[in-house]
Amino acid sequence: VEVKIEVVIPEKERSKEEMSPNGKASPLIYKVNGTARHYHLEEHPIASNPYHIPKDVVEASVCHVKDLENGQMREVDLGCGKALLIKEGGEFHAVGHKCPHYGAPLVKGVLSKGRVRCPWHGACFNISTGDIEDFPGLDSLPRFQVKIEKEKVYIRASKQALQTQRRTKMMAKCISLSNYNLSSTNVLIIGAGAAGLVCAETLRQEGFSDRIVVCTMDRHLPYDRPKLSKSMDSHPEQIALRPKEFFRTYDIEVLTEMPVAAVDIKNKTAVFKDGFKMEYNKLLVATGNTPKALSCKGKEVENVFNIRTPEDANRVVKLATSKNVVIVGASFLGMEVAAYLAERAHSVSLVELEEVPFKKSFGERVGRAVMKMFESNRVKFYMQTEVSELREQEGKLKEVVLKSGKVLRADVCVVGVGAVPATGFLKQSGINIDSKGFIVVNKMMQTNIPGVFAAGDAVTFPLALRNNKKVNVPHWQMAHMHGRIAALNMLAHGMEISTVPYLWTAMFGKSIRYAGHGEGFDDVVIQGDLDELKFVAFYTK
């Protein structure tokens with residue numbers, strides 16, 4: 001028996017906590033597949049007249065039933081906002097028309113098998129429920145009522161949903177938080193990136209109502225890390241993934257500037273750098289990467305940066321404006337920073353060991369085409385060489401000396417020469433780590449230790465589309481999915497990961513979107529025009 005219950009709560013009511021007489025929020029407990037789940041649902045009277053349209057709801061006729069063929073989508077205007085009308089399998093569906101991630105128009109996306117996929121970054125939504133089923137992004141789409149009357153299609157929608165174009169899934173809250181011992185938690189999440197945040201949110205969405213603690217070495221709440229190199233003057237609050245109130249509302253405790261120094265698997269305890277200890281029942285390690293530093297002479301000179309925090313990115317923009325910038329490493333980070341600073345700096349020079357940028361990821365031909373675009377935007381390349389010395393004047397960077405003998409003027413230097421997994425604190429823990437420092441997990445994000453999961457850039461996992469080859473995929477989208485799979489398996493759902501990896505990069509108004517895992521390709525088939533940068537490349541073996 002499938003029971004579908006929809007609870008529509010007006011926004012102003014949602015903020016009011018319904019309390020039971022004893023002052024504690026009273027959870028609603030229901031059973032799913034035999035497991036009890038706790039939900040805090042505010043009670044609201046159901047409208048007695050189903051035909052009465054409330055003030056904050058709009059209903060409009062949007063088209064004739066024959067206007068849309070099966071498999072077609074159309075953006076329709078309801079007067080106070082737009083919706084995406086979809087026809088599939090003879091049925092009409094209506095959802096939000098913008099992707100909640102960065103606002104892409106979903107009408108330009110792809111409709112397939114009951115899902116619409118965003119044209120920009122590949123997030124995927126169920127057309128019947130609006131739920132997000134592939135990432136990036138945290139929110140789902142609002143879903144609107146559709147009715148057919150006299151061959152006309154009508155949509156009924158709340159005005160607020162039309163304006164916000166996003167819906168946060170209903171979440172449980174923590175029951176009786178005041179009873180907890182400070183030094184113990186049910187779930188401890190180490191790392192507050194996409195994987196850590198999605199794990200915490202998924203647990204709450206699934207009705208988990210025990211204590212969740214997220215700890216991070218960062219001084220900020222979780223933020224949109226890809227923007228550090230794509231939009232470098234963003235302030236922390238502009239790129240926060242969730243506002244402060246969100247964490248309070250759903251009882252997700254975030255401990256900032258609290259790095260973990262060791263994990264004691266036997267006693268299920270995390271030891272923090274300041275000596276504080278916390279016991280856990282389930283653990284997620286999602287610590288990501290640590291950028292590699294230069295090992296050359298003068299590496300401690302001032303104004304040399306790894307872009308690790310919003311403060312780093314902001315400082316680089318300030319120092320680089322109308323000055324000389326040297327970027328070491330034609331990595332995604334290095335290239336995005338070069339593109340961002342090209343218009344602002346006096347000069348941008350890029351130093352790289354390979355002969356073309358992105359050679360390992362995109363192959364030589366695509367790499368060369370991208371390089372050409374950069375050169376036409378005043379970025380100068382110094383290829384097949386590396387830095388031998390950083391020279392200073394009064395403690396501050398003045399010149400970058402290359403092994404080729406070339407000396408570059410430099411007021412600021414950004415280092416993007418790759419990263420290593422931030423797993424050093426696990427060395428003695430007994431958690432299985434490979435020779436490169438990656439945590440080894442199975443398809444359920446489980447490590448070799450029961451109750452210990454790992455996710456994000458610091459793991460290798462079996463990739464379904466490459467015959468379960470163990471791979472490391474340090475993409476923003478993949479970190480979201482890892483966090484979700486880990487949470488579902490903490491709750492014993494037995495869910496395996498089967499996502500297609502997806503990454504994007506944006507430079508000079510062009511974006512490169514990459515789907516799949518092309519490691520080890522030996523041929524590149526190109527369709528379209530590489531010189532015009534309007535092409536599709538297939539990586540084959």
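The following exercises, each with a worked solution, concern a predicted model.

**Exercise 1. The nonpolar cores**

Determine how many residues the largest nonpolar core has, which of them have the most contacts inside it, and which helix gives the largest share.

Solution. Begin with the size of the set: the largest nonpolar core has 79 residues, and those with the most contacts inside it are L188, V263, L284 and F461. Next, trace the contributions by element, where helix α9, spanning residues 476–490, supplies the largest share with eight residues. In terms of domains, this core draws at least three residues from each of domain 1 (57–164) and domain 2 (184–290 + 421–491). Apart from this core lies another, of 46 residues, which includes V317, V356, A369 and L503. Finally, take V263 as a local example: leaving aside neighbours within four places in sequence, V263 is in contact with I190, T269, Y280, L283, F425, L426 and S429.

**Exercise 2. Helix α9**

Check whether the end-to-end distance of α9 agrees with the span expected at 1.5 Å a residue, and state how many of its residues are buried.

Solution. The expected span is 1.5 Å times one less than the number of residues, so the 15 residues of α9 should span 21 Å. The C-alpha atoms at the two ends of α9 are 22 Å apart, which agrees with that expectation. Turning to exposure, 15 of the 15 residues of α9 are buried, and the helix is thus mostly covered. Just after α9, A492 takes a positive phi of about 60°.

**Exercise 3. An open sheet**

Work out which strands stand at the edges of the open sheet of three strands, and how β32 is joined to β33.

Solution. The strand order is β30-β32-β33, with mixed pairing. Because β30 (439–440) and β33 (469–471) each have a single partner strand, they stand at the edges, and one side of each is left without a neighbour in the sheet. Strand β32, residues 459–463, runs antiparallel to β33, and three bridges join the two. Within this part of the sheet, P462 stands opposite K470 in β33.

**Exercise 4. The cysteines**

Establish how many disulfides the structure holds, and examine C99 and C413 in turn.

Solution. A disulfide is a covalent bond between the sulfur atoms of two cysteines. The structure holds zero disulfides. For C99, which is in no disulfide, the nearest cysteine sulfur is that of C118, 3.9 Å away, whereas the cut-off for a disulfide is 2.5 Å. C99 counts as buried, because its relative accessibility is 3%. For C413, the closest cysteine sulfur is in C296, at 8.1 Å, which is too far for a bond. C413 also counts as buried, with a relative accessibility of 0%.

**Exercise 5. Two strand residues**

Describe the surroundings of N289 and of M507, and decide whether each is buried or exposed.

Solution. N289 is found in strand β20, residues 289–291. Since buried means under 20% relative accessible area, N289, at 17%, is buried. Not counting residues up to four places away in sequence, N289 touches R308, A419, V420, P421, A422, D457 and P474.

M507 lies in strand β34, residues 502–507, and counts as buried at 2% relative accessibility. Leaving aside neighbours within four places in sequence, M507 is in contact with M335, E336, A339, F358, V370, M373, F374 and I512. The C-alpha atoms of M507 and F332 are separated by 10.0 Å, although these residues are 175 residues apart along the chain.

Terms used:
Residues numbered from 1 in each chain as written. Predicted model: local features only at pLDDT ≥ 70, side-chain atom pairs only at ≥ 80, totals over all residues. Heavy atoms only, no water. Helix = DSSP H or I, 4+ residues; strand = E, 2+ residues; numbered from the N terminus. Buried < 20%, exposed > 50% of the residue type's maximum accessible area, 1.4 Å probe, protein only. Contact = heavy atoms within 4.5 Å. Core = buried A, V, L, I, M, F, W, Y, C linked by side-chain atoms within 4.5 Å. Domains from an automatic or database assignment. Pairing = 2+ DSSP bridges.
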